[in-house]
Amino acid sequence: MLTRLCAALSLLIVLLWLAAGCADAAPVAEFAAPEPAARSTEAAPVVGRGARTGAAPLEDIVPFTNVADTALGGDFQLWNDRPGVVIFDYDRDGDMDFYVTSQRGEANRLYRNNGDATFTDTAEQAGVDALRGNSTGAVACDIDNDGFQDLYVGAWGIRDDGLGFRSPQEGNADSLFLNNGDGSFTDITRTAFGNTVNRRSATGIACADVNNDGWLDIYVGNLLDDDFRVFADYHHPGHYNRLYLNNADRTFTEMSITAGVEGPQIKMANPDGSPVIHEHPVTGTTYEGYNPNDNVDKLGSRVGDPTGQTHAVMFFDYDDDRDADLWVANDGDRMHLFRNDSTQDDVRFTPVSRAMGIDLVGSWMGLAVGDYDGDADMDVFSTNVGFHPLLQDPVEKPRGNCEYSGRFRWGTCAHFLLRNDGSGRFIDAARSTRVKPSPWLPPASLDSSALNSAHHVPTGLAAYDFGFGATFFDYDNDGYQDLYWLGSTLGRGEGPGGQVFPGAGRMLRSDGNSGFEDITVRARLLDISRVNYDGLEDDQAAMNDPVKLRIRRISAGLHENGKGVAHGDLNGDGYADLIATNSSGLLFSGPYDPATGEAPTRMAPGPMFVWLNGGGGSHWLTLRLKGRMAVDGTGSNADGIGARVYVTTRAGAGAQPHVQVREVLAGSSYLSMDSVDLEFGLGSAVIVAKIEILWPSGRTQILQGVKAGQVLEVVEPEG
């Protein structure tokens with residue numbers, strides 16, 4: 001299909017742009033959330049828009065460089081189906097290190113930044129190689145406020161052992177590693193959690209101070225053991241999620257049930273809208289989308305729970321009341337949002353996604369938060385399957401994925417772009433968000449003849465392809481948030497080049513006017529091994545030559561198996577870099593045999609990509625927050641997780657103020673975590689007029705006249 005599209009692209013290029021541009025006319029659903037607590041007028045920033053509009057000229061797109069091979073000493077491949085990445089400064093020497101996860105028997109890796117664009121794997125010496133764990137997602141958060149980030153590492157069951165977590169199983173216990181402050185870690189899992197250690201199937205993990213007592217708590221999203229994940233059936237079980245409340249003594253209390261965040265029942269409906277119901281043969285209890293009669297492992301133990309399969313979790317204060325609300329993205333189930341209604345003595349969350357109209361069933365994979373439209377509030381992006389099911393016949397039988405649910409008003413296969421319109425109101429703006437397509441690699445959905453006639457024609461961002469990990473960051477430091485995601489989904493055990501839902505990643509650059517331009521190829525961020533970009537900018541003929549594109553390996557069909565992605569400034573130049581992980585899997589190792597209809601295969605590891613930003617001439621400022629719990633035991637947690645920061649600049653005398661906003665997060669994307677440093681692109685501004693910090697403790701701090709071009713540590717003021 002892609003080959004046919006490329007061959008005809010010279011005739012379709014105008015139609016492609018029109019298809020993206022006409023997205024403005026698409027209908028948009030608008031929903032109102034419960035009114036949030038009023039924000040203090042003292043803390044209210046000046047809100048304004050900058051003057052930059054229109055897509056950047058081609059020559060302004062400075063590419064990234066993949067340095068994984070040289071920077072990691074040639075060892076840049078992972079054996080893992082769900083590899084996560086965490087960017088953090090584990091040794092507190094001022095530069096960014098990172099941690100990646102591997103399957104059981106293969107060491108996880110902790111890459112120490114050497115300060116010269118190279119990294120050294122110190123996982124074994126540091127005590128975090130986790131060889132016995134079948135590792136998945138991870139997060140770095142300072143649980144004891146000593147100024148050093150600790151590591152929580154998730155795990156899930158061994159593939160093909162036929163066992164669930166209720167049977168004796170190896171490799172599926174999560175781990176908590178305490179940072180000793182000297183470059184080493186101590187495994188404190190048993191003492192920290194006792195018999196409540198999560199042994200289900202961890203994926204996304206996030207930290208936040210849910211009761212604002214100054215101590216970071218941990219939330220673990222669980223999927224399901226891979227041996228038992230089903231989609232094409234009338235039931236779609238998952239595993240309950242876990243919330244661990246910090247006891248301020250390096251121990252935790254599990255309280256997901258009482259807090260209301262264990263996970264609600266699955267939504268699965270028949271075509272007429274009636275729920276798909278299963279009944280327990282003994283108790284008579286009924287469940288929607290969960291069959292207790294068909295849910296056991298080889299030892300007869302019950303496998304799943306009557307809840308959804310969680311891929312990604314994120315704490316983000318959606319209603320601006322200065323506490324951590326919880327976002328949960330489920331696969332084949334709903335998007336969930338839990339409003340934080342906690343006090344220090346009573347941790348409570350209230351489900352609000354239905355009231356907000358965002359509880360659509362989809363294959364929700366990753367989460368990212370950023371101000372994409374430049375209006376000084378935070379918006380949310382979530383990856384989904386994308387346009388791919390629109391190429392196929394509609395699915396008629398109820399099942400646990402968006403190929404079925406996307407047919408109805410209560411489901412979708414399109415990415416979410418939830419625009420925050422203030423006062424807790426969010427609008428799904430994906431269909432109406434303009435994306436100028438890549439001339440080299442436009443999505444097949446922009447050719448309406450490629451779509452199955454039974455489906456609607458997607459527009460805007462909703463016309464784009466599958467994704468897992470996602471992150472907002474200001475790629476070119478122009479003061480506007482850009483968006484990157486990567487990922488593809490494959491057949492079970494399938495590796496690079498799988499054709500279920502192919503995707504090679506998308507880099508969408510903000511046009512400064514609530515729209516994007518797809519610059520993935522020109523930014524050199526394709527999730528494809530051995531891709532050849534040399535001379536591409538000067539080779540316009542390549543756009544219309546599928547053979548030349550194939551030789552260059554510029555094709556979604558040549559993708560790796562993308563999973564985790566995170567951003568952070570790895571080389572300290574003020575421009576954010578990216579790290580991406582890929583799954584290991586089957587790789588074709590020989591030619592196709594027409595007689596047998598098969599080709600030989602072998603197992604192959606998944607490559608990491610370490611993409612260094614090419615930089616540019618824009619100014620920047622990086623903020624590194626330090627809560628007073630790390631100073632005198634009062635106020636906010638050590639890394640200021642949950643703090644909201646507003647930065648105001650002016651392009652010149654008489655210019656309108658431009659306000660940017662960030663929130664310090666610990667965990668989002670997919671299996672992964674961005675650096676907790678807050679990177680602000682300042683464009684031409686050399687002085688920041690105002691920095692306003694809303695600390696989780698309730699304190700407000702204002703700085704003025706701050707010079708650009710520095711990493712500024714800001715200590716929370718005394719009460």
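The following paragraphs describe the overall architecture, selected salt bridges, one loop proline and the internal cavities of a predicted model.

The protein contains 9 helices and 43 strands. Of its 719 residues, 62% are buried. Among contacts between residues at least 6 apart in sequence, 64% join residues at least 24 apart. The accessible surface amounts to about 25,200 Å², and carbon and sulfur atoms contribute 50% of this area.

A search of the whole structure identified 27 salt bridges. One of these pairs R159 with D81, with 3.6 Å between the closest N and O atoms. This pair links distant parts of the chain, 78 residues apart: R159 is placed in the loop between β9 (150-155) and β10 (175-179), and D81 in the loop between β3 (77-78) and β4 (85-88). The two partners differ in accessibility class, since R159 is partly exposed at 30% relative accessibility, whereas D81 is buried at 18%.

A second salt bridge joins R644 to E663, whose closest N and O atoms are 2.7 Å apart. R644 belongs to strand β38 (residues 644-650) and E663 to strand β39 (residues 657-663), so the interaction ties together parts that are 19 residues apart in sequence. Both R644 and E663 are buried.

Towards the end of the numbering, the side chains of R699 and E716 form a salt bridge with an N to O distance of 3.8 Å. R699 lies in the loop between β41 (687-694) and β42 (700-707), while E716 lies in the segment after β43 (710-715), so this pair ties together parts that are 17 residues apart in sequence. R699 has a relative accessible area of 18% and is buried; E716, at 0% relative accessibility, is also buried. Elsewhere, salt bridges with shared partners connect D81, R82, R159 and D226 into one network.

P292 is located in the loop between β17 (286-288) and β18 (309-315). With a relative accessible area of 15%, P292 falls under the 20% limit and is therefore classed as buried. Beyond its neighbours within four places in sequence, P292 contacts H278, E279, H280 and Y287. The C-alpha atoms of P292 and R302, residues that are 10 apart in sequence, are separated by 8.0 Å.

The interior was also examined for enclosed space, and 5 cavities of 30 Å³ or more were found. The largest cavity has a volume of about 300 Å³. Its lining comprises 26 residues, and those nearest the centre of this cavity are V369, F472, H567, E663 and D674. Strands β22 (367-370), β27 (470-473), β39 and β40 (678-683) each provide at least two lining residues. By class, the lining of the largest cavity consists of 11 nonpolar, 9 polar and 6 charged residues.

The second largest cavity encloses about 230 Å³. It is lined by 24 residues, of which D317, R322, D323, G642 and E663 are closest to its centre. At least two residues of this lining come from each of β12 (202-208) and β38. The lining of the second largest cavity divides into 13 nonpolar, 3 polar and 8 charged residues. E663 is thus listed among the residues nearest the centre of the largest cavity and among those closest to the centre of the second largest cavity, and E663 is also the salt-bridge partner of R644.

Definitions and conventions
Residues are numbered from 1 along each chain as its sequence is written. This is a predicted model: local features need pLDDT of at least 70, side-chain atom pairs count only at pLDDT 80 or more; totals for chains, interfaces and linings use all residues. Side-chain values use heavy atoms; hydrogens and water are left out. Helices (H or I, at least four residues) and strands (E, at least two) are DSSP runs, numbered from the N terminus. Buried means under 20% relative accessible area, exposed over 50%, partly exposed in between (1.4 Å probe, protein chains only). Contact means heavy atoms within 4.5 Å. Accessible areas come from the Shrake-Rupley method with a 1.4 Å probe; for residues, only the protein chains shown count as cover. A salt bridge is a side-chain nitrogen of Lys or Arg within 4 Å of a carboxyl oxygen of Asp or Glu. On a 1 Å grid over the protein atoms alone, a cavity is a set of points where a 1.4 Å probe fits but cannot get out, and a pocket is an open set with protein on both sides within 12 Å along at least five of seven lines; lining residues have an atom within 4 Å of a point. Grid points are joined across faces, edges and corners, and a volume is the space filled by probe spheres set on the points. Ala, Val, Leu, Ile, Met, Phe, Trp, Tyr, Cys and Pro count as nonpolar, Asp, Glu, Lys and Arg as charged, and the others, Gly among them, as polar.
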